[in-house]
Amino acid sequence: MVAPDPQLARSAVLRVFNHAQIYLFLGAAITTIGFLAACFSLLRRRFDPLLLWFALFAGLYGIRLWMNYQLLWGLGLRPPIFQRIVMAIGFLVPVPAVFFFRSLKLLGRASRLAVNLVWPVVSGLALATIVIGPRDIFQFVNNGLVTAALIVFVIEFAITGSGSRDAILIRRGLFLFVACALYDNITGIFGHYNNIEPFGLVILLASLGVVAGRRALANEQQLTLIQRELEIAQRIQLSILPSAFPHSRSFRVAARYLPMTSVAGDFYDFLLTNDHEAGLLIADVSGHGIPAALIASMVKVAAATQRAEAGRPSELLSGINNVLCGNTQSQFVTAGYVYLNASLKELRYSAAAHPPMLLLRNGEITEITENGLMLAAFDFADYTTRTHPIEPGDRLVLYTDGLLEAENVDGEQFGPGRLHARIRETANLSGSEAADQIISSVQGWSSTQNDDLTILLCDYMTDTRSIDR
């Protein structure tokens, strides 16, 4: 057996490397671009599918190019499993590309049909190659489909005219890439295969990257603008909520409001405040976010128009309902309103599909319910008032259903029983401290906050202690 000549081996390696080095460089560069795009996509505040598809397209193409021109291949060393992997990756390259174009929303009807046909077939070809190995028919089907899809893209892009700035840039990159691919195929027929397709792909990737980056930047700017507007909306919404209950010799009120999102649909207000009277309103708008917050603002305006009825809860809710009906875009409002009179030692309560008000007296809790139909839903809704005696030392609790419906990891709700227990346990605390502990208990129970949390605690004073702020 003749030993191999080291000089000849070195020469063979150098010859292979000199031929492959530009493609190895391009493969590494394209793969790096895909990796950076993927990192940028993951680090952004909002998921962007455009960047993801671009990253996958660049990554797969770069890996395939690099593996096709690595030195082991050039020296004739082709382990079967790696050969299967390389061919499978080649089949998968068009998949993220077609989804990239779909995300851009630049595809016409014919192109969308081509996309829906190409990606399942080439994915199946990749899987079949891994399982049973390369077959000439696989390559033939893949080349035919991808070529046909490229032709459809080019024709549609040519027909659509100038289009947007992004469409023009992509069209030019795509035309150049197709021209390079056709040149390689035509010259290959005559035995002069130059493989300039990767250079055309680099230009196409550059155009796609510019478009993806431009879209990502625009989305980021839009997200920043939305965030700024949400912050303004949050400040506006907080401004419509009373900061504290005014000084009163008879009543002390503590309120806690914890929205699920930046802005929310829970609302409360103090419609009547003096040494002997108090009028407390709490409301919960269906839904969440800005629409609910806007309707909560409407509830405040509607309630303000009904202050003359502050001593008659049913008439006050009827008036609010009349103002809201037809103006809330099919969203509805639940609400509870209580009027307290220290001179008469009584409360008057009315509600619209709202959880019952709770009265804590001597360690015992009484549910006070007087519900009519929800607000803003029915113009014929009618409400009634329930009168109940109050005594010094009583504590009244108004709240929204977010406290009751908070769920733990097992899907079990916090429920009325636990709420009642926490109210009794905090009976000796000030209203402010009790409200904090009740909210903390709900937060500790819930795995995630799925609704707004609002609670009002009103103490009927036994003396003239200062207001608990």
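The expected span of a helix is taken as 1.5 Å times one less than its number of residues. Helices here (H or I, at least four residues) and strands (E, at least two) are DSSP runs numbered from the N terminus. The model is a predicted one, in which local features need pLDDT of at least 70 and side-chain atom pairs count only at pLDDT 80 or more, while totals for chains, interfaces and linings use all residues. Residues are numbered from 1 along each chain as its sequence is written, and side-chain values use heavy atoms, with hydrogens and water left out.

On that footing, α6 comes out as expected: its 24 residues should span 34 Å at 1.5 Å a residue, and its end C-alpha atoms sit 35 Å apart, which agrees. Helix α10 (residues 289-304) passes the check too, because its 16 residues should span 22 Å and its end C-alpha atoms are 23 Å apart. For helix α2 (residues 49-68), 20 residues should give 28 Å, and the distance between the end C-alpha atoms is 28 Å.

Zooming out, the protein chain carries 14 helices and 11 strands. Of its 469 residues, 46% count as buried; buried means under 20% relative accessible area, exposed over 50%, and partly exposed in between (1.4 Å probe, protein chains only). Contact means heavy atoms within 4.5 Å. Among the contacts in the protein chain with a separation of 6 or more, 71% join residues 24 or more positions apart.

Now for the helix packing. The axes of helix α4 (residues 80-92) and helix α6 (residues 109-132) come within 8 Å and cross at roughly 175°, which makes α4 roughly antiparallel to α6. Axes are lines fitted to C-alpha atoms, for helices over the stretch in contact, with angles from 0 to 180 degrees between N-to-C directions. Angles under 35 degrees count as roughly parallel, over 145 as roughly antiparallel, 65 to 115 as roughly perpendicular, and the rest as oblique. On the α4 side the meeting residues are R84, I85, M87, A88, F91 and L92, and on the α6 side they are V122, S123, L125, A126, T129, I130, V131 and I132. By class, this contact has 11 nonpolar, 2 polar and 1 charged residues. Here Ala, Val, Leu, Ile, Met, Phe, Trp, Tyr, Cys and Pro count as nonpolar, Asp, Glu, Lys and Arg as charged, and the others, Gly among them, as polar. Buried residues in α6 include V122, L125, A126 and T129. Just after α6 comes G133, with a positive phi near 95°.

Helix α4 also meets helix α5 (residues 94-104), where the axes come within 5 Å and cross at roughly 15°. The two are therefore roughly parallel. G90, F91 and L92 of α4 make this contact with P94, V95 and P96 of α5. The class count is 5 nonpolar, 1 polar and no charged residues.

As for the interior, a nonpolar core is a set of buried Ala, Val, Leu, Ile, Met, Phe, Trp, Tyr and Cys residues joined through side-chain atoms within 4.5 Å. The largest one has 54 residues, and F251, L280, L340 and L347 touch the most other members. A second, separate core of 39 residues includes L51, V95, L150 and V154. L51 is also one of the buried residues of α2, along with L50, F54 and A55, among others. In α10, the buried set is G289, A292, A293, I295, A296, V299, A302 and A303.

K300 lies in α10 as well, but is partly exposed, with a relative accessible area of 24%. Leaving aside neighbours within four places in sequence, K300 is in contact with I240, F267 and D269. L271 is 29 residues from K300 in sequence, yet the C-alpha atoms are 9.8 Å apart.

Two loop residues stand out for their backbone angles. Most residues other than glycine have a negative phi. Q329, in the loop between α11 (313-324) and β4, has a positive phi of about 55° and counts as exposed at 71% relative accessibility. K345, in the loop between β4 (333-341) and β5 (346-352), has a positive phi near 50°. K345 is partly exposed at 45% relative accessible area, and, neighbours within four places aside, is in contact with P389, I390 and Y460.
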